[in-house]
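User: I would like to learn how to read a two-chain model, feature by feature. Where should we start?

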Amino acid sequence: MPRFRLLPDEQLARSPLSQLWREFARQHSAVAGLILFTAFFALAILAPLITPHGPYWQNDALLLLPPSWSELGLVQYPLGTDDLGRDLFSRILVGARYTFGIAVITVIGALLMGLLLGTLAGMSRGVKSSVFNHILDLALTIPSLLLAIIIVAILGPGLLNTTWAIMLALLPQFVHGIRNAIAEQLSQDYVIAYRLDGANNWQIFSRIVIPNIWEKLTLMATMALSTAILDIAALGFLGLGAQAPSAEWGAIIADSLDLIYIAPAGVAIPGLLIFLAVLSVNLVGDGLRTAAKKRREN
Amino acid sequence: MILYLLRRLFLLGFVFIALSILAFSLAYLFPGEAWQNFSGLRDVPAAEMQEVIARYRLEHGYLSQYLAYLGRIFSGDWGLSFASQQPLLKEMLPLLPATIELAAYALFISFVIGIPLGIAAAIKPDGLLSKAISALAVAGYSIPVFWWALLLIMVLSLGLGWLPTAGRIGVLYEINQVTGFMLLDILLADSPHQQAALYNALRHLLLPTLVLATFPTTVMIRFTRDSMLEVWEQSYIKTARAKGLNRAQVLYRHGLRNALLPVIRQIGLQFSTLITLAMITEVIFSWPGIGRWLIDSIYQRNYPAIQAGLLVVSTLVITVNMLTEILHTLFNPLARKR
């Protein structure tokens, strides 16, 4: 069947999403970040299936085995073992679930809650929204680590409790950003036109506001994700988050810190992975930001 | 402008009330009895219990208790620390300057390095220099602070032996605390070893400041660059060029002044992240600041200390926030109109 070109410019006929992808794919760093991000994501889901040894299984015949590239290492233990004879490679693979996977869950939770609260705040006016704003201002000023300390003091240490703390610490910026984005949308002329056509609040929200702000939402989520990974790792390192036997990357670093001279791999490799995970998220975020800006300019 | 300041002041009052309500309610939320968390006493003989109840108005409603709490905060009676049984306010006062000192130097370094690099990156946005700076900024933005600190300690302190790893000054020097700011105290001190002490303190300061400065520097680079690029597109820049000003003149008179405005604001917004990072840095470098004290407090389940720390640290962050906001308004007439 012959194809007709109805529009003079082929570019304009593409959907916003494919325009965004075109701009995104032009940036090498962003694509590299996306590949890395996908790899971490896959690892977080598949980790228990691909570990060569049990991450908590202690082999007391092989304590503090050096990595396999050194002469004393074994090829079955690519990164060596720790002071309890646990395979470092398996622990690190499983650690992706804790540090990266839980950060993703935290951000999704904070995003959903922020969407709810931000919509309520953005759609309401007057004293109610002003009081709400000031409470948010307060919440934004409490440093996230301090908030985590308070929540740990109330609920006790543990990965789940710090997840709540990080979610709470991320929430204000989501609510703030979403509220502003919605307020900006509501002042547009096309919203007024749609309202005059008889649309109710829900229709305006679902047909106009959401399609127009999802780009901003994704950006906010990537920024929050990098904060969440760093916070989970930092809390694990300080011993407030994931507790000792757990294979969270920050906790592994704290665990192997006293053996840093004998087995530096235990500190170096988990740290490198945290760095790479955050880097991949930031690269994707930067790429998205540039792509979104270029798409709007065209 | 006066109206604006009054409105800000009103807002500040509101935020402080909300903060004090939060700190007050923590006494009930934390484990243990409320009077323990208020007073910092573990055990009270049964005979004195009546006195404690009267003092904290525990037989009255929450509102009355809260007002009593506010009264105690303002009169300087913040309760005792569980761990040391010392008055909390006295314990915190020498710690706060250490944290402020560290954060202030880190912020200063981030200005000195970050802003010029950001401008350099904005001059040719697709050039090699700009790409290199951006890559550096993304890397610095992504590195976990505790790991970065450990790496630097391993290489610079333990490997090469150039810098000390912990504390504010060598144990050989005895410096009287006057202001709590180490460098200032050394300059005020009348000692024959002033030079040596100053050198020693600077060596202790270098590594923690460098670690802490990494994040704000990268934020500065990114923001200066983005804001410069945005300003550079404006029509007043084109007008200035058309008038015949050269690049440097346009950059200084029209570009920078407009581009650095949002950067000022950013300092306030990033300050709470900076304090979080300062707390972690203090733990690693055994820096005797309020962050390390707070993290020690959670290890010791020292609830009155956490409550007091929340008040002090949040007040610090709120004050800095407010100051940068006022500065921003002072420099930017457009923001005053709203």
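Analyst: Start with contacts. Two residues are in contact if their C-beta atoms, placed from the backbone, lie within 7 Å. Keep in mind that this is a predicted model.

User: What share of the contacts in chain A between residues at least 6 apart join residues at least 24 apart?

Analyst: In chain A, the share is 70%. For chain B, residues 24 or more positions apart account for 69% of the contacts with a separation of 6 or more.

User: How do I read the secondary structure? How many helices and strands does chain A have?

Analyst: Count the elements, then read their order. Chain A has eleven helices and zero strands. Its order from the N terminus is therefore α-α-α-α-α-α-α-α-α-α-α. Chain B comes to 15 helices, again with zero strands.

User: What box does each chain fill?

Analyst: Take the C-alpha atoms along the principal axes. Those of chain A fill roughly 75 × 60 × 25 Å. Those of chain B fill roughly 85 × 55 × 40 Å.

User: And burial? What percentage of each chain counts as buried?

Analyst: A residue is buried if 20 or more other C-beta atoms lie within 10 Å of its own. In chain A, 43% of the 298 residues are buried. In chain B, 37% of the 338 residues are.

User: How is chain B divided into domains?

Analyst: Into two parts. Domain 1 covers 2-89 and domain 2 covers 96-288. Their C-alpha centres lie 37 Å apart.

User: Now the nonpolar core. What is the general idea, and which residues have the most contacts inside the largest core?

Analyst: In soluble globular proteins, nonpolar side chains tend to be buried together. Here the largest nonpolar core has 158 residues. Those with the most contacts inside it are A:A148, A:I149, A:L170 and A:I229. Helix α9 of chain A, residues 201-238, gives the largest share, 16 residues. Chain B takes part too: domain 1 and domain 2 of chain B each supply at least three residues.

User: Pick one of those residues. What does A:I229 touch?

Analyst: Leave out residues up to four places away in sequence. A:I229 then touches A:T99, A:F100 and A:A103. It also touches A:I274, A:A277, A:V278 and A:V281. There is also a second, separate core of six residues. Its members include B:M182, B:A197, B:A201 and B:L205.

User: On to the interface. How many residues does each chain bring to the contact?

Analyst: Interface size is often given as the accessible area lost when the parts come together. Here we count residues instead. Chain B brings 34 and chain A brings 33.

User: Which helices of chain B supply the side that touches chain A?

Analyst: Helices α1 (2-29), α7 (128-142), α8 (145-159), α12 (247-284), α13 (290-299) and α14 (303-331) of chain B each supply at least two residues. α14(B) gives the most, with eight residues.

User: How do the residues on that side of chain B divide by type?

Analyst: They divide into 29 nonpolar, five polar and no charged.

User: How should I read the database annotation? Where does UniProt place the transmembrane regions?

Analyst: Take each listed span, then check its backbone. Both lists come from unreviewed UniProt entries. For chain A, the record lists residues 30-50, 98-123, 135-156, 217-240 and 260-285. For chain B, it lists residues 9-30, 102-123, 135-163, 201-223, 267-287 and 308-331.

User: What helix content do some of these spans have in the model?

Analyst: In chain A, residues 98-123 are 100% helix, with end C-alpha atoms 36 Å apart. Residues 217-240 of chain A are 92% helix, and their ends lie 30 Å apart. In chain B, residues 201-223 are 100% helix over 32 Å between end C-alpha atoms. Residues 308-331 of chain B are 100% helix, with ends 35 Å apart.

User: Last, backbone angles. Which phi does B:Q85 have, and is the residue buried or exposed?

Analyst: Most residues other than glycine have a negative phi. B:Q85 is not a glycine, yet its phi is positive, about 55°. It is found in the loop between α4 (62-75) and α5 (88-92) of chain B. B:Q85 counts as exposed because it has 10 C-beta neighbours inside 10 Å.

User: Where does B:S286 lie, and why does it count as partly exposed?

Analyst: B:S286 lies in the loop between α12 and α13 of chain B. Its phi is positive as well, about 45°. B:S286 counts as partly exposed because 13 other C-beta atoms lie within 10 Å.

Note on methods
Residues numbered from 1 in each chain as written. Chains lettered and ligands numbered in written order. Predicted model: local features only at pLDDT ≥ 70, side-chain atom pairs only at ≥ 80, totals over all residues. Domains from an automatic or database assignment. Core = buried A, V, L, I, M, F, W, Y, C linked by C-beta atoms within 7 Å. Buried ≥ 20, exposed ≤ 12 C-beta atoms within 10 Å, placed from the backbone. Helix = DSSP H or I, 4+ residues; strand = E, 2+ residues; numbered from the N terminus. Nonpolar A, V, L, I, M, F, W, Y, C, P; charged D, E, K, R; others polar. UniProt positions renumbered as here; feature names shortened; annotations may be inferred.
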